[in-house]
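Okay, thanks for coming, everyone. I'll put the sequence and the model up on the screen, and then we'll walk through it together.

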Amino acid sequence: QVQLVESGGGLVQAGDSLTLSCAASGRTFRWLPVGWFRQSPGKARELLAGITRDGAVSYGDSVKGRFTASRDNVKNMMYLQMNSLKPEDSSVYYCAARCTPEEFPRACDYWGQGTHVTVSS
């Protein structure tokens with residue numbers, strides 16, 4: 001069992017940067033593929049980044065070049081560095097674990113509760 005808790009969301013202005021963190025419990029975290037997703041009301045869940053067990057990162061097209069995902073298996077943490085934020089990035093952001101496939105994951109077994117990010121124009 002893995003529990004995930006996101007933090008770092010908030011209100012920022014367009015062009016600003018923000019870093020989200022995700023704290024994971026459980027010894028198995030380091031062996032699990034993980035991912036970052038977001039979902040807005042009435043919209044489908046969107047993949048932002050997947051991180052394989054080996055640390056390779058795959059990015060969704062809408063955030064490639066602006067967002068950087070990483071993991072720290074010693075600290076049981078995941079991070080999402082978001083730069084050049086746009087109003088359309090406003091959403092609820094989720095971290096997830098035990099995701100398949102490892103690259104560009106589409107499904108995950110464990111999810112955090114989500115953190116809100118609002119980008120004002």
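**Walking through the model**

So, first things first: threonine 52. Where does it sit? Threonine 52 is in the loop between strand 5, residues 46–51, and strand 6, residues 57–59. Keep in mind while you look that this is a predicted model.

Now, is threonine 52 buried or exposed? The relative accessibility comes out at 7%, and the cut-off for buried is under 20%, so threonine 52 counts as buried. And what touches it? If you skip the neighbours within four places in sequence, threonine 52 is in contact with Pro33, Arg71, Glu102 and Glu103. Hang on to Arg71, since that residue comes back in a minute.

Let me zoom out. The protein has eleven strands and zero helices, so reading along the sequence you just get β eleven times over. The radius of gyration is 13 Å, and the globule rule gives 14 Å for 121 residues, so the protein is as compact as a globular protein of that length. If you box up the C-alpha atoms along the principal axes, you get roughly 40 × 25 × 25 Å. Of the 121 residues, 45% are buried. As for contacts between residues at least 6 apart in sequence, 57% of them join residues at least 24 apart. And the accessible surface is about 6,300 Å², with 49% of that belonging to carbon and sulfur atoms.

Okay, the sheet. There's an open sheet of four strands, paired antiparallel, in the order 1-3-8-7. Strand 1, residues 4–7, and strand 7, residues 67–72, are at the edges with a single partner strand each, so one side of each has no neighbour in the sheet. From one strand to the next, the twist averages 15 degrees.

Let's take strand 8, residues 77–82, and look at who pairs with it. With strand 7 there are six bridges, antiparallel. Here's Arg71 again: arginine 71 has methionine 78 in strand 8 as its bridge partner. Next to that pair on the screen, aspartate 72 stands opposite methionine 77. Strands 7 and 8 make a hairpin with four residues between them, and in that turn asparagine 76 has a positive phi of about 55 degrees. Valine 74 is in that loop too, and at 77% relative accessibility, valine 74 counts as exposed. Pick glycine 15, which is 59 residues away along the chain, and the two C-alpha atoms are separated by 32 Å.

On to the other partner. Strand 3, residues 18–24, also pairs antiparallel with strand 8, over six bridges. One spot to click on is leucine 20, which stands opposite leucine 80.

Those two leucines take us to the inside. In general, in soluble globular proteins, nonpolar side chains tend to be buried together. Here, the largest nonpolar core has 28 residues, and the ones with the most contacts inside it are Leu4, Leu20, Trp36, Leu80, Met82 and Tyr93. Several strands give two or more residues to this core, including strand 5, strand 9 and strand 11, residues 115–120. Which strand gives the largest share? That's strand 3, with four residues. Take methionine 82 as an example: leaving out residues up to four places away in sequence, methionine 82 touches Asp16, Ser17, Leu18, Leu20, Arg66, Phe67, Tyr93 and Val117. There's also a second, separate core of five residues, with Phe37, Leu47, Ala96 and Cys108 among them.

Last stop is strand 4, residues 34–39. Five of its six residues are buried, so strand 4 is largely enclosed by the rest of the structure. What does strand 4 pair with? Strand 5 is one partner, antiparallel over five bridges, and strand 9 is another, antiparallel over six bridges. You can see both at valine 34: isoleucine 51 stands opposite in strand 5, and alanine 97 is the bridge partner in strand 9. The hairpin of strands 4 and 5 has six residues between the strands, and glycine 42 takes a positive phi near 80 degrees there.

One more for contrast. Glutamate 88 is in the loop between strand 8 and strand 9, and with a relative accessible area of 55%, glutamate 88 is exposed. Between glutamate 88 and valine 34 there are 24 Å, C-alpha to C-alpha, and the two are 54 residues apart in sequence.

Conventions:
Residues numbered from 1 in each chain as written. Predicted model: local features only at pLDDT ≥ 70, side-chain atom pairs only at ≥ 80, totals over all residues. Heavy atoms only, no water. Pairing = 2+ DSSP bridges. Axes fitted to C-alpha atoms, helices over the stretch in contact; angles between N-to-C directions. Buried < 20%, exposed > 50% of the residue type's maximum accessible area, 1.4 Å probe, protein only. Contact = heavy atoms within 4.5 Å. Core = buried A, V, L, I, M, F, W, Y, C linked by side-chain atoms within 4.5 Å. Rg over C-alpha atoms; globule rule 2.2 N^0.38 Å. Areas by Shrake-Rupley, 256 points an atom, 1.4 Å probe, with all protein chains shown as cover.
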